[in-house]
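Reader: Hi! I'm new to this one and would love a friendly walk through it. Could you put it up so we can look together?
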Amino acid sequence: MVTKGYAALSAESHLAPFQFERRAPGRRDVQIAIEFCGICHSDIHFARNEWGTTIFPCVPGHEIVGRAVKVGDDVKRVKVGQRVAVGCFVNSCGTCASCKEGHENYCETGFTMTYGSPSPDGKTQTFGGYSNQIVVDEHFVLNLPANLDPAGAAPLLCAGITTYSPLRHVGVTKGSRVAVMGLGGLGHMAVKLAASFGAEVTMLSRSPGKKADAHKLGAHDFVLTKDNNALAPLANRFDVIVDTISAKHDINGPLGCLKRDGTLILVGASPQTLDLSPFALIFGRRKVMGSLVGGIPQTQEMLDHCGTHGITSDIEITTPQEINEAYERTLRGDVKYRFVVDCTKF
Ligand code: NAP
Ligand code: ZN
């Protein structure tokens with residue numbers, strides 16, 4: 001099926017209109033007319049080959065909301081006309097221990113990313129949500145709660161689940177003290193979600209202009225990390241720190257802000273290696289963990305939680321034609337707090 005999208009043709013080129021073929025829906029597939037797709041900082045890392053793994057042409061986009069327009073004969077749950085969502089991956093082996101436990105995101109043979117993976121037929125690669133339609137196996141299609149604004153809900157499919165999953169994993173609950181580093185797409189969802197679990201949230205940001213927003217999003221405290229010795233009063237304070245920063249930065253100072261046995265959750269994926277001082281962990285038996293999006297059952301749980309609590313992302317809607325400008329503005333921190341592409345305009 002001829003599909004219209006936007007692609008990066010090389011690491012140096014701007015994204016430009018790009019037509020490509022999608023498979024016709026098979027028996028287990030759902031064909032989705034895409035309405036909205038968020039712009040994640042990972043899309044920028046990928047389009048510019050900052051992680052060194054991009055296959056070009058690259059059609060990014062893994063925060064997808066749309067309507068099912070056709071379903072295969074074996075599709076049971078999704079009905080034509082239903083509003084649905086797709087996140088960061090569209091296939092996995094289904095048989096390894098991680099897949100069997102619903103952690104398809106940690107598939108031991110490697111999952112198929114929504115974009116930038118070899119496609120199952122081996123002939124081409126997967127193309128993502130900066131496009132007008134997508135075909136996805138029903139297992140990887142999520143139900144979107146009807147009360148959520150579809151544009152605001154799109155970023156839940158990556159920014160939402162990437163922060164929800166590790167916060168749940170480490171048991172954040174009422175009264176937990178959580179700090180969030182970096183107020184961008186992931187950071188603002190981390191604040192909203194941790195606050196919805198009843199945590200006391202502190203925003204650690206380099207941007208003084210974001211203070212009022214941090215409080216509106218649910219943070220109880222805001223600390224400007226650029227100030228000399230800003231972290232000193234926070235020593236031994238937090239149970240958990242969620243680090244969403246997209247570039248090289250110091251983590252040893254923030255580690256000192258954890259309580260004994262506290263955990264720094266690294267979700268930001270700096271292309272440059274971070275420096276870790278052993279002493280930052282040894283004193284206080286502190287931990288650093290990484291986390292990659294979330295499995296399908298937990299993504300549905302997250303969407304249902306957001307439906308119950310009326311949580312969506314704070315967004316600015318943009319058009320396909322303005323994606324390159326949206327990338328530049330995201331890099332400048334000039335968006336509150338996620339761009340979402342109107343995919344009906346391709
Ligand atoms: P974003 O919207 O650009 O936000 C990143 C924030 O980090 C900025 O708003 C800024 O916040 C802070 N920041 C940026 N550069 C910095 C620097 N040089 N020093 C200090 N702070 C800096 O990005 P995003 O979409 O939230 O994504 C964040 C990172 O998570 C990216 O690397 C992305 O690839 C990664 N990611 C990982 C996963 C996963 O599964 N682990 C999933 C999605 C995304 P302040 O102005 O408040 O300081
Ligand atoms: Zn993402």
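Reader: Thanks! To start, how much space lies in the largest cavity?
Author: Happy to help. Keep in mind that this is a predicted model. The largest cavity holds about 70 Å³ of space.

Reader: And how many cavities of 30 Å³ or more does the count come to?
Author: The count comes to one cavity of that size.

Reader: Which residues line the largest cavity?
Author: Its lining is made of G87, C88, F89, F140, L142, L157, I161, V293, G294, I296 and T299. By class, eight of the lining residues are nonpolar, three are polar and none is charged.

Reader: Okay, pockets next. How much space is in the second largest pocket?
Author: The second largest pocket has about 410 Å³ of space. Its lining counts 19 residues, and those nearest the centre are R23, S119, P120, T126 and V135.

Reader: What is the mix of classes in the lining of the second largest pocket?
Author: That lining divides into seven nonpolar, six polar and six charged residues.

Reader: Which strand gives the most to the lining of that second largest pocket?
Author: That would be β8, with four residues. If you want to find the strands on screen, β2 (16-21), β6 (89-91) and β8 (133-137) each supply at least two residues of the lining.

Reader: Switching topic: which residues coordinate the zinc ion (ligand 2)?
Author: C40 through SG, H62 through NE2 and C158 through SG coordinate the zinc ion (ligand 2), at 2.0 to 2.3 Å. Along the chain, these donors follow the spacing C-x21-H-x95-C.

Reader: Where do C40 and C158 lie?
Author: C40 is in the loop between β3 (29-39) and α1 (41-47), while C158 is in the loop between α3 (150-153) and α4 (159-169), so the pair ties together parts that are 118 residues apart in sequence.

Reader: Are C40 and C158 buried or exposed?
Author: Both C40 and C158 are buried.

Reader: Nice. What about aromatic rings, how many aromatic pairs does a search of the whole structure find?
Author: The search finds 11 aromatic pairs. Take F18 and F20: their ring centres are 5.7 Å apart and their planes are at 20°, and planes under 30 degrees apart count as stacked, so this pair is stacked. F18 and F20 are both buried.
Another pair, Y130 and Y327, is edge-to-face, with 6.5 Å from centre to centre and 65° between the planes.

Reader: Where do Y130 and Y327 sit along the chain?
Author: Y130 is in the loop between β7 (112-113) and β8, and Y327 is in helix α10 (residues 323-331). They are 197 residues apart, so to speak, a link between distant parts of the chain. Y130 and Y327 are both buried.

Reader: Back to F18 and F20: which cluster do ring pairs link them into?
Author: Ring pairs join F18 and F20 with F127 in a cluster.

Reader: Last topic, strands. How do β13 and β14 run, parallel or antiparallel?
Author: β13 (residues 238-243) and β14 (residues 258-266) run parallel, joined by five bridges. Within that pairing, V242 stands opposite I265 in β14.

Reader: And how many bridges pair β14 with β15?
Author: Four bridges pair β14 with β15 (residues 287-290), again in the parallel sense. As an example, T263 has K287 in β15 as its bridge partner.

Reader: That's a lovely start, thank you!

How values were computed:
Residues numbered from 1 in each chain as written. Chains lettered and ligands numbered in written order. Predicted model: local features only at pLDDT ≥ 70, side-chain atom pairs only at ≥ 80, totals over all residues. Heavy atoms only, no water. Donors = N, O, S within 2.8 Å, 3.2 Å for Na, K, Ca; no water. Buried < 20%, exposed > 50% of the residue type's maximum accessible area, 1.4 Å probe, protein only. 1 Å grid on protein atoms, 1.4 Å probe; cavity = no way out; pocket = protein on both sides within 12 Å on 5 of 7 lines; lining within 4 Å. Points joined across faces, edges and corners; volume = space filled by probe spheres on them. Nonpolar A, V, L, I, M, F, W, Y, C, P; charged D, E, K, R; others polar. Pairing = 2+ DSSP bridges. Phe/Tyr/Trp six-rings, centres within 6.5 Å; stacked < 30°, edge-to-face > 60°.
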